[in-house]
Amino acid sequence: EPLSSRLPNVSIPSTFRSKLEAFKETYGDLDKAAVDGYLTPAKGVCEGYDASYERWKGIEGQLQEELARVRKALGCQTVNFYSPAQGKEPYQLEVPSHACSRVSKDFELKSQTKEKK
């Protein structure tokens, strides 16, 4: 379905309509953007975005490696990442209480429950 037909109260000049449709087809999924609240460009459309995304994926991989290292050091496979709120202090480690005695003094306690710290 053309984008212009989903914007009934907007008059789009015909000279711009083709450019808008081309943008929709190459830049990203506008239906998904409407649900997610943001537009993710298709790979190859924006070099800056592609480079940032690849860097972020590399950092994510490093964080997963660190999580595996901590799990092994604590002898506890249920240690996980925890983010108390979207975008605020992500990647805190959530450690079950029974494994807390093995946590290094280099770690800082941010919050706790009966089952986890």
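**View 1. E108 sits out in the open, with a relative accessibility of 62% that makes it exposed.** Exposed here means over 50% relative accessible area, buried means under 20%, and partly exposed is anything in between (1.4 Å probe, protein chains only). What you're looking at is a predicted model, where local features need a pLDDT of at least 70, side-chain atom pairs count only at pLDDT 80 or more, and totals for chains, interfaces and linings use all residues. Residues are numbered from 1 along each chain as its sequence is written, and side-chain values use heavy atoms, with hydrogens and water left out. You'll find E108 in the segment after β2. Helices (H or I, at least four residues) and strands (E, at least two) are DSSP runs, numbered from the N terminus. In sequence, E108 and L93 are 15 residues apart; in space, their C-alpha atoms are 10.0 Å apart.

**View 2. E108 and K110 meet in a salt bridge, with 3.7 Å between the closest N and O atoms.** The term salt bridge is used for a side-chain nitrogen of Lys or Arg within 4 Å of a carboxyl oxygen of Asp or Glu. As a bit of background, side chains of opposite charge can pair when their charged atoms come close. K110 is partly exposed, at 48% relative accessibility. The shared partners of these salt bridges tie E89, E108 and K110 into one network. Which residue is the other partner of K110 here? The side chain of E89 is, at 3.9 Å from N to O. That pair bridges distant parts of the chain, since E89 belongs to the loop between β1 and β2 while K110 belongs to the segment after β2, 21 residues apart. With 45% relative accessibility, E89 is partly exposed as well.

**View 3. Helix α3 has a salt bridge of its own, between E66 and R69.** The closest N and O atoms of E66 and R69 are 2.6 Å apart. Why are E66 and R69 separated by about one helical turn? It's because they are three residues apart in helix α3, which covers residues 47-74. E66 is partly exposed, with a relative accessible area of 36%, and R69 is partly exposed too, at 45%. The structure holds four salt bridges altogether.

**View 4. Three rings, those of Y49, Y53 and W56, gather into one aromatic cluster.** Rings of Phe, Tyr and Trp (its six-membered ring) pair if their centres lie within 6.5 Å; planes under 30 degrees apart count as stacked, over 60 as edge-to-face and the rest as tilted. The structure holds three aromatic pairs. One of them is the stacked pair of Y49 and Y53, 6.2 Å from centre to centre with 20° between the planes. Y49 and Y53 are both part of helix α3, four residues or about one turn of the helix apart. Y49 counts as partly exposed, at 31% relative accessibility, and so does Y53, at 36%. Y53 also pairs with W56, and this time the rings are tilted: 5.7 Å centre to centre, 45° between the planes. W56 is partly exposed, with 42% relative accessibility.

**View 5. Y91 joins Y49, Y53 and W56 in a nonpolar surface patch of about 380 Å².** Patches are built from residues with over 30% relative accessible area and no salt bridge: like charges are joined within 9 Å, and nonpolar side chains (Val, Leu, Ile, Met, Phe, Trp, Tyr) within 5 Å. Accessible areas come from the Shrake-Rupley method with a 1.4 Å probe; for residues, only the protein chains shown count as cover. Y91 lies in the loop between β1 (80-82) and β2 (92-94) and is partly exposed, at 33%. Take a look at its backbone too: phi of Y91 is near 65°, which is positive although the residue isn't a glycine.

**View 6. C76 and C100 don't form a disulfide, because their sulfurs are 8.8 Å apart, too far for a bond.** A disulfide is a pair of cysteine sulfur atoms within 2.5 Å. How many disulfides turn up in a search of the whole structure? Zero. Is C76 buried or exposed? C76 is buried, with a relative accessible area of 4%. C100 is also buried, at 18%.

**View 7. Across the protein chain, the average pLDDT is 82.** pLDDT is the predictor's confidence in each residue, from 0 to 100. At least 70 is the score for 89% of the residues. Among the elements, α3 has the highest mean pLDDT (94) and helix α1 (residues 14-27) the lowest (74). Where pLDDT is low, the predicted coordinates should not be read in detail.
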